[in-house]
Amino acid sequence: MEDPVPDSSGKGSRGGEVGTGKVHLLKQVTLLDCVALIVGMVIGSGIFISPKGILANTGTVGWALIVWVICGIFSCVGALCYAELGASIDKSGGDYTYLRILHPILGFLRVWTGILAVRTVPWTVLSVTTAKYVIASLETGDCGRGTSSMAATKILACCILMCIFFINCWSVRLSRRIQVIFTVAKVIGLIIIIVAGASVLCAGHTRNFDNAFDTRSVTWVQFPKAFYSGLFAYSGWQFLPQLTEEIIDPGRNIPLSIIVSMSIVMMIYILTNIAYFAVLTPFELLASDAVVVTFAQRVLGPVWWIMPVFVAMSCIGSVNGGLFTTSSFRFA
């Protein structure tokens, strides 16, 4: 996927001389690609899953929004720390490279755990989630339910994962373009949610925000679980430094793209949650198995099915971004 090229120009990007047989990675990842990659990696399934967990563990709408803000700030600080490492150490691999500098065994353990579970399991989960939402948008009546639906979900998930694998093996350029397209699609889906929620608020439906900070409903001992859900939704920013050797001017583009993308994600997340609470009561949100579907059915009417499609595209973008960065993780 990385399009490694033999280094015959005097010195390679890794410092190899002519004739040493070393290869280097083409620097073709632009600032826009970096922003699309981070936004696409961070905005996955978390924004559709975590609102329920955060509200359940805070107890009120106001404190739930505060947790979203704090988790966003905390993630931005962590992302900037990684940006400094990525700008200082001009090698791909991300945390594997940083740990290997401390001791080779630490780098090996990072690769081993990544291959065994840390990277591969989330791809499987996201692929299955994609398949479920695609099938959900196509189902009518009793059609597609039961055992046949489960089989179709697994087959579709396998096909999705195999297609993404093939694309990343075939071309870096194609993978980058797909990442940008799916990132734009998932942002459009969230903008639809935000606009729909804003229209409800403008119509005067603010009842769900009454007593938003009522401490009588707060369960303080559950707040760590709320922060866990929030940080899960913001995860993904740590993968960009794995592409350091492929990024054009990494000293500038890595920190700049992280600042821009995390600001975009934080703003979208907070506005999306405000839209959720504008339409759904806290009880309805907690009772829903798929918050975005419940929201869409309430405000979008007969075209509610477009939201499962956007969720599926969001998950596909996260899988593609994960594979795109993990290939450099192996190459390092």
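Q: Thr183 has its place in helix α8; why is Thr183 called buried?
A: The relative accessible area of Thr183 is 6%. Buried means under 20% relative accessible area, exposed over 50%, and partly exposed in between, with a 1.4 Å probe and protein chains only. Thr183 is therefore buried. The model is a predicted one, in which local features need pLDDT of at least 70 and side-chain atom pairs count only at pLDDT 80 or more, while totals for chains, interfaces and linings use all residues. Residues are numbered from 1 along each chain as its sequence is written, and side-chain values use heavy atoms, with hydrogens and water left out.

Q: What makes α8 a helix with that number?
A: Helices are DSSP runs of H or I with at least four residues, strands are runs of E with at least two, and the numbering goes from the N terminus. Helix α8 covers residues 172–202.

Q: Which distance separates the C-alpha atoms of Thr183 and Leu37?
A: The two C-alpha atoms are separated by 7.7 Å, although Thr183 and Leu37 are 146 residues apart along the chain.

Q: Why does Ile38, in helix α1, count as buried?
A: Ile38 has a relative accessible area of 2%, and this value falls in the buried class. Its C-alpha atom is 9.3 Å from that of Ser318, with the two positions 280 residues apart in sequence.

Q: Why is Val200, also found in helix α8, called buried?
A: The relative accessible area of Val200 is 17%, so Val200 is buried. Val200 and Val299 lie 99 residues apart along the chain, and their C-alpha atoms are separated by 8.8 Å.

Q: Which residues of helix α12 are buried?
A: In α12, residues 291–299, the buried ones are Val291, Val292, Val293, Phe295 and Ala296. Just after this helix, Gly301 takes a positive phi of about 65°.

Q: Why is Asn211 classed as it is, buried or exposed?
A: Asn211 has a relative accessibility of 62%, so it counts as exposed. This residue is found in the loop between α8 and α9. Its phi is positive, about 55°, although Asn211 is not a glycine.

Q: What makes Asp249 partly exposed?
A: At 42% relative accessibility, Asp249 belongs to the partly exposed class. Asp249 lies in the loop between α9 and α10 and has a positive phi of about 50° without being a glycine.

Q: Why is α3 called oblique to α9?
A: Two packed helices are described by the angle between their axes and the distance between the axes. The axes of α3 (residues 61–88) and α9 come within 9 Å and cross at roughly 55°. That makes α3 oblique to α9. Angles under 35 degrees count as roughly parallel, over 145 as roughly antiparallel, 65 to 115 as roughly perpendicular, and the rest as oblique. The axes are lines fitted to C-alpha atoms, for helices over the stretch in contact, and angles run from 0 to 180 degrees between N-to-C directions.

Q: What is the handedness of the crossing in which α3 passes α9?
A: The crossing is right-handed. A crossing has this name if the near helix is turned clockwise from the far one by less than a right angle, and is left-handed if anticlockwise.

Q: Why are α1 and α10 oblique to each other?
A: The axes of α1 and α10 (residues 250–279) cross at roughly 40° and come within 8 Å. The pair is therefore oblique. This crossing is right-handed.

Q: What makes a space a cavity and what makes it a pocket?
A: On a 1 Å grid over the protein atoms alone, a cavity is a set of points where a 1.4 Å probe fits but cannot get out, and a pocket is an open set with protein on both sides within 12 Å along at least five of seven lines. Lining residues have an atom within 4 Å of a point. Grid points are joined across faces, edges and corners, and a volume is the space filled by probe spheres set on the points.

Q: How many cavities of 30 Å³ or more are found in the whole structure?
A: The search finds 1. The largest cavity has a volume of about 40 Å³, and its lining consists of Asp33, Leu37, Arg176, Gln179, Val180 and Phe324. Helix α8 gives the largest share of this lining, 3 residues.
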